[in-house]
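Good morning, everyone, and thank you for making time for this. I would like to walk slowly through one model, so please bring it up on your screens and keep the sequence beside it.

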Amino acid sequence: MQRLNNKRVLLGVSGGIAAYKSAELIRLLSKQGADVRVVMTKGACEFITPLTLQALSGNPVHLDLLDAKAEAGMGHIELARWADVILVAPATANIIAQMANGQAGDLLTTLCLATSAPTCIAPAMNQGMYLDEATQTNIELLREKDVRVFGPADGTQACGDVGPGRMLEPEQLAEHVADVFSRELLTGRKVLITGGPTQEAIDPVRYISNHSSGKMAFALATAAVEAGASVTLVSGPVNLPTPDRINRVDILSAREMHQAVHDNMKGTDIFIGCAAVCDYRPAEIMKDKIKKNPDDPSETLEIKLVKNPDIVSSVADLKERPFVVGFAAETQNVLGYAADKLRRKKLDLIVANDVSDDEIGFSSDNNEITVLGDDFEEPMSRASKTVLARKIVKVVAQRFESENGTGKE
Ligand code: PMT
């Protein structure tokens with residue numbers, strides 16, 4: 001069920017007695033790592049309170065189509081786009097009829113019409129209503145529109161009748177929702193990435209840094225999420241928006257990055273050190289701005305530098321270490337120096353990056369790299385950082401899997 005990790009589930013609750021089971025369903029989906037948002041019809045609110053479902057999902061419950069306040073938060077079209085999957089559970093005969101006929105009279109039916117995400121229903125109603133030709137025709141119409149139908153189960157109903165129409169149990173529904181998503185390369189894996197430059201303060205207004213833009217690391221973070229991983233990105237100061245579904249931790253200096261990496265290490269399967277960490281920092285940060293002598297044109301200033309901690313090595317040295325991938329930014333003997341860093345820093349893989357060429361490496365949108373392992377060398381020709389990040393993540397996932405077994409279900 002790791003397939004639900006990081007997935008966005010929109011749960012539509014319509015007005016049937018089975019609405020009380022939605023509470024347990026939300027709990028199960030959230031436990032599997034899904035981000036759950038709930039939309040309730042007016043009828044659903046007669047059976048269970050929005051407050052209960054809000055508390056369990058940890059998100060505000062959406063109730064009305066024409067609520068200006070709610071629209072100012074996450075509007076209905078935004079909500080339809082947000083979802084990776086929509087599940088209507090319970091789905092009454094009425095909501096099924098509306099969905100089958102493309103009606104959009106309230107928020108839930110509007111979302112079902114507007115979304116391009118897979119849509120699923122869990123019918124729940126009296127057996128007579130379920131077996132009625134109209135309901136059967138409507139369910140068939142929905143199946144033709146690729147709506148997945150979970151259940152219903154047979155048995156004794158709330159009204160005392162016996163027959164088909166009971167909503168499936170929350171455990172079964174959670175399984176069916178997970179089945180909507182296939183297992184991806186890094187499903188259920190936790191990936192920690194460093195990116196961008198670090199800034200090492202000299203005084204309150206000056207610092208030492210480098211030209212890293214963060215583009216390579218942000219592309220890697222996005223590619224790892226696409227591959228199903230939960231991603232934490234520890235980033236130096238960069239001018240980039242946070243990619244979707246990524247836990248971003250901002251830092252300035254190498255020492256802060258070192259601390260943030262180890263604070264977020266728990267449960268990490270794969271660590272990728274893409275940051276251009278400053279190797280040195282000023283031995284002392286001046287409390288006040290350093291003033292120049294206006295009368296001495298030949299004045300010089302010496303700043304003593306001390307070594308920063310080597311972050312990627314500190315991760316590779318952990319007793320319970322993740323799979324560790326480093327980068328090597330070099331201007332000459334690129335593969336030779338990268339292979340040396342691979343061994344010296346005890347890495348599983350290293351990505352060799354020639355930064356002597358202005359068109360690739362630092363700041364540019366493109367790159368050209370070679371991934372090296374002990375017994376392995378894979379050159380990747382010039383392409384956008386987005387394309388290369390996907391290729392790197394694929395190689396990393398394959399090598400990780402061959403050492404640690406297949407991904408989690
Ligand atoms: O950010 P962009 O503009 O997109 O540019 C991408 C990039 C060129 C920064 C990136 O592709 C890259 O090559 N990153 C590594 C830069 C670097 O610092 O390389 P290095 O050879 O100095 O370091 C080797 C490895 O040790 C790296 O994984 C680095 O993150 C790590 N390191 C270095 C020093 C230190 N104190 N701690 C570290 O963890």
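Let me begin with a term that I will need at once: when I say salt bridge, I mean that a side-chain nitrogen of Lys or Arg lies within 4 Å of a carboxyl oxygen of Asp or Glu. Please also keep in mind that what you see is a predicted model.

With that term in hand, look at Asp-375 and Arg-399, which form a salt bridge in which the closest N and O atoms are 2.9 Å apart. Asp-375 sits in the loop between strand E18, residues 366-373, and strand E19, residues 376-384, while Arg-399 belongs to helix H15, residues 385-404, so this pair ties together parts that are 24 residues apart in sequence. Asp-375 counts as exposed, at 62% relative accessibility, whereas Arg-399, at 24%, counts as partly exposed. Elsewhere, Lys-21, Arg-166 and Glu-169 are joined into one network by salt bridges that share partners.

How many salt bridges does the structure hold? There are 22, and I will pick out two further examples.

One of them links Arg-245 to Asp-84, with 2.8 Å between the closest N and O atoms. Arg-245 lies in the loop between strand E11 (230-235) and strand E12 (246-250), and Asp-84 lies in the loop between helix H5 (76-82) and strand E3 (85-91), so the pair ties together parts that are 161 residues apart in sequence. Is Asp-84 buried or exposed? With a relative accessible area of 18%, Asp-84 is buried, because buried here means under 20%, while its partner Arg-245 is partly exposed, with a relative accessible area of 25%.

The other example is the salt bridge in which the side chains of Asp-269 and Arg-189 meet, at 3.8 Å from N to O. Here Asp-269 is in the loop between helix H12 (254-263) and strand E13 (270-273), and Arg-189 is in the loop between helix H10 (170-179) and strand E8 (190-195), so parts that are 80 residues apart in sequence are tied together by this pair. Asp-269 is buried, with a relative accessible area of 15%, and Arg-189 is buried as well, with a relative accessible area of 8%.

Let me turn now to the backbone, where a general point helps. Most residues other than glycine have a negative phi, and most peptide bonds are trans. Against that background, Arg-245, which we have just met, has a positive phi of about 65° although it is not a glycine. Asn-6 also has a positive phi, near 75°; this residue is found in the segment before strand E1 (8-13), and at 21% relative accessibility Asn-6 counts as partly exposed.

As for the peptide bonds, the one from Ala-89 to Pro-90 is cis, with omega near 0°, and Pro-90 has its place in strand E3. A cis peptide bond also joins Gly-151 and Pro-152, with omega about 5°, and Pro-152 is placed in the loop between strand E5 (148-149) and strand E6 (153-156).

Next, the helices, of which I will take two pairs. The axes of helix H6, residues 93-100, and helix H9, residues 133-144, come within 9 Å and cross at roughly 50°, which makes H6 oblique to H9. That crossing of H6 and H9 is left-handed. In the second pair, helix H1, residues 21-31, and H10 have axes that come within 9 Å and cross at roughly 45°, so H1 is oblique to H10. What is the handedness of the crossing of H1 and H10? The crossing of H1 and H10 is right-handed.

I would like to finish with one buried residue and one surface patch. Ile-369 lies in strand E18 and counts as buried, at 3% relative accessibility. The C-alpha atoms of Ile-369 and Pro-379 are separated by 6.1 Å, and these two residues are ten residues apart along the chain.

On the surface, Tyr-280, Leu-301, Ile-303 and Leu-305 form a nonpolar patch, and together these residues have about 370 Å² of accessible area. Within that patch, Tyr-280 has its place in strand E14, residues 280-282, and is partly exposed, with a relative accessible area of 41%.

Thank you for listening, and I am happy to go back to any of these places on the screen.

Technical notes: Residues are numbered from 1 along each chain as its sequence is written. This is a predicted model: local features need pLDDT of at least 70, side-chain atom pairs count only at pLDDT 80 or more; totals for chains, interfaces and linings use all residues. Side-chain values use heavy atoms; hydrogens and water are left out. Patches are made of residues with over 30% relative accessible area and no salt bridge: like charges are joined within 9 Å, nonpolar side chains (Val, Leu, Ile, Met, Phe, Trp, Tyr) within 5 Å. Accessible areas come from the Shrake-Rupley method with a 1.4 Å probe; for residues, only the protein chains shown count as cover. Helices (H or I, at least four residues) and strands (E, at least two) are DSSP runs, numbered from the N terminus. Buried means under 20% relative accessible area, exposed over 50%, partly exposed in between (1.4 Å probe, protein chains only). Axes are lines fitted to C-alpha atoms, for helices over the stretch in contact, and angles run from 0 to 180 degrees between N-to-C directions. Angles under 35 degrees count as roughly parallel, over 145 as roughly antiparallel, 65 to 115 as roughly perpendicular and the rest as oblique. A crossing is left-handed if the near helix is turned anticlockwise from the far one by less than a right angle, and right-handed if clockwise.
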